[in-house]
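Notebook open, coffee poured. I wanted to look up a few things in this structure and jot them down as I went.

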Amino acid sequence: MEKFFRRNFAGYAFLAPWLIGFFLLALGPIVASLYLSFTKYNIVRPPQWIGLDNYFYMFQFDDRFKKALQVTFTFVVISVPAKLIFALAVAMALDKGVRAIGWYRALFYLPSILGGSIAVAILWRQLFDYNGVINAVVRWFGIDGPYWLSDPRYSLWTLIVLAAWQFGSPMLIFLAGLRAIPNDLYEAAEIDAAGPVRKFFAITVPLLAPVIFFNLVLQMIEAFKSFSGAFVISGGAGAPLDSLLFFTVYLYNEAFQFLRMGYASALAWVLLLIIALFTAIAFWTSKYWVHYENERG
Amino acid sequence: MSILNRRRFMTGAAGTAGSLAVLAAFGGRAFAQDIAIRHFWWGNPERDKRTFAVIDLYNQKNPGTVVSGESLGFADYFTKLTTQIAGGNMPDVIQQGYGVLFEYIANGAVVPLDDYVGKSLDISKMDESAIQAGTVDGKFYALSIGANSHMAMYNTRLYEEAGIKVGENFDPYGYTYDDLKRIAVEIKNATGVPGTDDNTADYQNFSDFTVQKGANLYNEDGSFGPTQEIVEEYWSIWAGIRDAGGTPPGPESAGLAGVSELSQLGVVTGKSATSYLWSNQLVGAQGLMQDPLGAAMYPNTPEMIPGSVIQPSQFVCLSRDSSNPEAATAYMSAFVNDPEMTAVLGLERGIPSNSDVRAALQSSLTPPEAVSVAFFDAIQGKTAPLTAPPPSGSAEVEQTFERVAVSVLLGERSIPEVASDFLAQAKAILARA
């Protein structure tokens, strides 16, 4: 034991800043929030133990909780595939030996850096305003565009487009994956007279499957946690008519608008379990469609 | 050879020292024996400018004390304050509004001022009513920094262009919803700009209307006052004005439901000729636009039962976390009494509660401030008595109103249906709170 520490001391010393940060700033609050989820806590008064009441209320009476789940699921189910398809398409276009590829890569990656920011969310609100740029373009074609943001039929779509636009990081990973596919496979397929569609589904998709899976899991988790865009565009409350009531926005509202920290903690734990469940499902299904090169059998 | 050679180490150290200095400058931290006082308020650009100027003045006059200001928009203010309560680092001096204040007092986040009155804190010139409004259970907690009431602000240029004249066909202190409909449509026809914002999702207007109909917003037992009939009538009145073309289209108003940002109001953006606010916001709103603003009360029913109240707009309070309450209360005292400081603050937070300050300001009023003073003179006797502070859960009821009213604006569901839905939700919220 002593020997182990002496040998690894330097390693732990270098890890210390991260470890301290993790235990103090991540694990500590996580454990605290588990405790708080069983309490009634409004910050100013000390927490009061109420057992499972928060969870009972959530599943039995809370209509906004159900609405938040519905909005979040819709968002995840549509935005994640849209983003991945978009990212893959751009990656394949860039894979074709385009000149100045470094420029394009940087350019296409840019929205991912900016996309999560408040500034872009505000810009988005302006673009989709009734008198905004989008409707001005639509008007050239003689169409009177809708109220994108204040009509609950359209509001979620503006955020789905915003999410798909931030395709940069999955695109870069796809690009790396595409580069790793040996060219002779395509050459062999060409000799066998396979067209581009056939090549895509018979070679690219199966060989890229591990990368697709990685991107899928990452983006799914990201989509479940999505907050700032919905928060800014919905005025912080999920408006209009709760059509932008993302789970995280609802959680924030309960915590900081109505000071129900205990209930908000319970919501956070439910979100964690949902994300864990969906990640587990993704891993389970991956057995059937993801094959790694070094796998036997 | 060490990777970390001497030169690199020195640049690193210099960098650290430099960033510390920058941090200190940003935080406005005081060094050595200076007493540091933090003042936190919610504001708008105009208020921030004036308040920072006042802080500079105070710091010049009082060497040894360094006051630093922090400001946020209303929507974010209480979020930040909440996290500061949890962290035990609330600023010394915090701004509070009538309503939430009582929650903070009940929870002990705001502490009584009685120990400092007559010493570091001078309230001898304060109006008795203002002192009463900040007193709970015989203890004095909150220093009123201005009286406030509901005010309809209108673009005088657009009103003139449509031939709407005060005293002829418009009485700003006694007009009905029918009058408003007529005026709004005339303005729309004459100028192309809808005459008024659509208040379907405006809780402030709805609460006035409830009192105008002879009900209370909250009954004495804490239950919600408005009835199905009142909610339906309120939304029907605004639907009538909207259908006649007096307001912007429903979906456009739906986008503004619950928005408190001055820069997005119809009268400021030019999308309508009238917006409905608190009177102390007149100075801030005027600062964002060119056309001069006029002031009116909220519209009323033909019975003319008063619906608006006059109440303290804001208080400055001493927080539980203040490390130097004497210095903090001395600053608070200067904030409401010092002639130079109050001259800079003017009427931006409302009509001052200190009679000397009011008198001193009289001679140097800016045009929007003069409008405010005239408004306050005119509404005396036309307002409702101040009610007890709302029960907890009221903020959620308000947000629910703003949310469900959107389906009225979008014409998704019938008014009676939305009204009963709203009342059922309000009841559930109050039962849970």
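What is the order of the strands in the open sheet of three strands in chain B? I read it as β9-β8-β10, with antiparallel pairing. For the record, helices (H or I, at least four residues) and strands (E, at least two) are DSSP runs numbered from the N terminus, and two strands pair if DSSP finds at least two bridges between them.

**Ground rules.** This is a predicted model, where local features need pLDDT of at least 70, side-chain atom pairs count only at pLDDT 80 or more, and totals for chains, interfaces and linings use all residues. Residues are numbered from 1 along each chain as its sequence is written, while chains are lettered from A and ligands numbered from 1 in the order in which they are written.

**Confidence in chain A.** I checked pLDDT, the predictor's confidence in each residue from 0 to 100. Chain A averages 88, and 97% of its residues score at least 70. Among its elements, helix α13 (residues 261–289) of chain A has the highest mean, 94, and helix α4 (residues 101–115) of chain A the lowest, 79.

**Back to the three-stranded sheet.** Its edge strands are β9 (274–278) and β10 (293–296) of chain B, each pairing on one side only. From one strand to the next, the twist averages 35 degrees; axes here are lines fitted to C-alpha atoms, for helices over the stretch in contact, and angles run from 0 to 180 degrees between N-to-C directions. Strand β8 (residues 150–155) of chain B pairs with β10(B) in the antiparallel sense over four bridges, and I found B:Ala152 opposite B:Ala296 in β10(B). Helix α16 (residues 367–379) of chain B packs on this sheet and touches β8 and β10 of chain B, its direction making about 15 degrees with that of β10(B). Contact means that the C-beta atoms of two residues, placed from the backbone, lie within 7 Å.

**Two domains in chain B.** I looked up the split next: domain 1 is 26–146 + 312–373 and domain 2 is 150–308 + 391–432, with bounds from an automatic or database domain assignment. Their C-alpha centres lie 30 Å apart. Across the boundary, 19 residues of domain 1 of chain B are in contact with 16 of domain 2 of chain B. Which element gives the most to the domain 1 side? It is α16(B), with five residues. By class, that side of domain 1 has seven nonpolar, six polar and six charged residues. Here Ala, Val, Leu, Ile, Met, Phe, Trp, Tyr, Cys and Pro count as nonpolar, Asp, Glu, Lys and Arg as charged, and the others, Gly among them, as polar.

**The five-stranded sheet.** The order is β2-β1-β3-β12-β6 in chain B, open and with mixed pairing. Strands β2 (65–72) and β6 (142–144) of chain B have a single partner each, so one side of each is left without a neighbour in the sheet. Strands β3 (residues 93–96) and β12 (residues 315–318) of chain B run antiparallel and are joined by four bridges; B:Val93 has B:Leu318 as its bridge partner in β12(B). Helix α13 (residues 325–337) of chain B lies across β1, β2, β3, β6 and β12 of chain B, at about 170 degrees to β12(B).

**A covered helix.** Helix α8 (residues 203–212) of chain B has eight of its 10 residues buried. My cut-off: buried is 20 or more other C-beta atoms within 10 Å of a residue's own, exposed is 12 or fewer, partly exposed is in between, with C-beta atoms placed from the backbone. The buried residues of α8(B), including B:Phe206 and B:Phe209, pack against β8, α9 (228–243), β9 and α17 (394–409) of chain B. Just after α8(B), B:Gly214 takes a positive phi of about 85 degrees.

**Two aspartates with positive phi.** A:Asp242 has a phi near 65 degrees and lies in the loop between α11 (228–233) and α12 (247–257) of chain A. B:Asp137 has a phi near 50 degrees and sits in the loop between β4 (135–136) and β5 (139–140) of chain B. Is A:Asp242 buried or exposed? It is buried, with 21 other C-beta atoms within 10 Å, whereas B:Asp137 is exposed, with 8.

**Between the chains.** My last look-up was the A–B interface, where 18 residues of chain A are in contact with 22 of chain B. The chain A side divides into 12 nonpolar, three polar and three charged residues.
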